[in-house]
Amino acid sequence: DFSDPILEVPDDPSREEGEATEHRFDAGIEFALATDRPSSYFFELSANRIDYSDEDEGSDLTPRSTVQGVATWQLQITPVVATALSARAFFYEADDNEDTQIQEREIDLGVIYDMSEALRVNAGIGFFQREEEEFGSTVEDDTGISLLGGLNYAFDDFTLNANLRAVTVPDERVSGNLTLFYPLPNSTITARVFQNFAGGSGGDEIRVTGASIGLERDLSNYSRLSFDLAASRRVNIDDDDEDDVNRYDFTTTFGHDLTEHISADIGYRFRYRDEGDETADSHAVFVEIGRAHLQARPDQTSVPRVR
């Protein structure tokens, strides 16, 4: 600002402007064993890594890694009642100035009740431990309980899936999602609201609350076209002084089945971001390829494609 004779050097790296390239790597796998027996097992493992180029060394963009695994043993007691014992492990590491690490461990016992052919409900209680380290020293080591609940309701015209999770440490936190599937001729409408917790670009923990609605239409037996509109708010729960971030996304995707089990997608995404007095927008074109896995699971109609 040439009207101001005082040149201010920003002391907050987030106020600086620059250029960097983000590299994101995601992987996930899930599989089930003995699904045709009263005693069955389910395993899920997912990992994420985000890196940045060194084009902008003065920025506050933080490389970070997340790994999460879940193992579940389900025992069918009667034709309508089953028990489920689950163990979950979560690890988050940020390459920030504090060398932040977050570890979570949880074990819970739940009951699954098929109230009818259309309605399934489940509830559980567990033991939860959360540990956070900075500069190699433990700054938080809390234990508490977790409460879980969910339902799957297949109405005549639509399907409703919901799950809820509440923990007591490090404070009372509620996460979960509610998803609605509404079929139309050759199309499906999907609506969703959710809240979860994740690591932010600066290494702090972020609460994400949002909603989305999408339409997927079959163009043929082998191809489809989809449109999705989403909105979310991101709140830094470690730094009250940081502005909340509102983000709006529009995505359209064309998908085609290359073989019976292999599919490919190409799409376009527009994103608008509002953070305090600053706004930004971006455009992206992406390509995905994945293998379809159609084996049914007790808690959902099918396993989605892994991409």
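A salt bridge is a side-chain nitrogen of Lys or Arg within 4 Å of a carboxyl oxygen of Asp or Glu. The structure here is a predicted model, and it holds 16 salt bridges. The exercises below use that term and a few others.

**Exercise 1. Get the overall picture.**
How many helices and strands does the protein chain have, and what share of its residues is buried?

*Solution.*
Step 1. Start with the secondary structure. The protein chain comes to 0 helices and 15 strands.
Step 2. Turn to burial. Of the 307 residues in the chain, 27% are buried.
Step 3. Look at the surface. The chain exposes about 19,300 Å². Carbon and sulfur atoms supply 54% of that area.
Step 4. Check the contacts. Take those between residues at least 6 apart in sequence: 43% of them join residues at least 24 apart.

**Exercise 2. Trace the link between glutamate 106 and arginine 165.**
Find the distance of their closest N and O atoms. Then say which strands the pair ties together.

*Solution.*
Step 1. Side chains of opposite charge can pair when their charged atoms come close.
Step 2. Apply the cut-off of 4 Å. In the pair of glutamate 106 and arginine 165, the closest N and O atoms are 2.6 Å apart, and the two form a salt bridge.
Step 3. Place the residues. Glutamate 106 is in strand E5 and arginine 165 in strand E8 (residues 159-167), so the bridge ties together parts 59 residues apart in sequence.
Step 4. Check burial. Glutamate 106 and arginine 165 are both buried.

**Exercise 3. Compare two further salt bridges.**
Are the partners buried or partly exposed in the pair of glutamate 140 and arginine 130? Ask the same of glutamate 275 and arginine 273.

*Solution.*
Step 1. Glutamate 140 and arginine 130 meet in a salt bridge of 2.4 Å, N to O. Glutamate 140 belongs to strand E7 (residues 137-154) and arginine 130 to strand E6, so parts 10 residues apart in sequence are tied together.
Step 2. Glutamate 140 is buried, and arginine 130 is too.
Step 3. Glutamate 275 and arginine 273 also meet in a salt bridge, at 3.1 Å, N to O.
Step 4. Glutamate 275 has 22% relative accessibility, so it counts as partly exposed. Arginine 273 has 33%, so it counts as partly exposed.
Step 5. Now widen the view. Salt bridges that share partners join Arg88, Glu104, Glu106, Arg130, Glu132, Glu140 and Arg165 into one network.

**Exercise 4. Describe the ring pair of phenylalanine 31 and phenylalanine 43.**
What is the distance centre to centre, and what is the angle between the planes?

*Solution.*
Step 1. A pair of aromatic rings is described by the distance of the centres and the angle of the planes.
Step 2. The count comes to 4 aromatic pairs. In one of them, phenylalanine 31 and phenylalanine 43 lie 5.1 Å apart, centre to centre, with 25° between the planes.
Step 3. Planes under 30 degrees apart count as stacked, so this pair is stacked.
Step 4. Phenylalanine 31 is in strand E1 and phenylalanine 43 in strand E2, so the pair ties together parts 12 residues apart in sequence.
Step 5. Both rings belong to partly exposed residues: phenylalanine 31 at 41% relative accessibility, phenylalanine 43 at 28%.
Step 6. List the other contacts. Beyond four places in sequence, phenylalanine 31 touches Tyr41, Phe42 and Phe43. The C-alpha atoms of phenylalanine 31 and phenylalanine 42 are 6.0 Å apart.

**Exercise 5. Map the nonpolar patch.**
Which element gives the most residues to the nonpolar patch?

*Solution.*
Step 1. The surface patch covers about 990 Å². Its residues are Ile29, Phe31, Leu33, Tyr41, Leu45, Val67, Trp73, Leu85, Ile107, Leu109 and Phe127.
Step 2. Strands E1 (22-33), E2 (39-52), E3 (64-76) and E5 (101-114) each give two or more residues.
Step 3. E1 gives the most, with 3 residues.
Step 4. Phenylalanine 127 sits in strand E6 (residues 119-134). This residue is partly exposed, at 45% relative accessibility.

**Exercise 6. Explain why serine 53 counts as buried.**

*Solution.*
Step 1. Serine 53 is in the loop between E2 and E3.
Step 2. Buried means under 20% relative accessible area. Serine 53 has 18%, so it is buried.
Step 3. Leaving out residues up to four places away in sequence, serine 53 touches Ala20, Thr21 and His23.

Technical notes
Residues numbered from 1 in each chain as written. Predicted model: local features only at pLDDT ≥ 70, side-chain atom pairs only at ≥ 80, totals over all residues. Heavy atoms only, no water. Patch = residues over 30% accessible without salt bridge, like charges linked within 9 Å, V, L, I, M, F, W, Y side chains within 5 Å. Areas by Shrake-Rupley, 256 points an atom, 1.4 Å probe, with all protein chains shown as cover. Helix = DSSP H or I, 4+ residues; strand = E, 2+ residues; numbered from the N terminus. Buried < 20%, exposed > 50% of the residue type's maximum accessible area, 1.4 Å probe, protein only. Contact = heavy atoms within 4.5 Å. Phe/Tyr/Trp six-rings, centres within 6.5 Å; stacked < 30°, edge-to-face > 60°.
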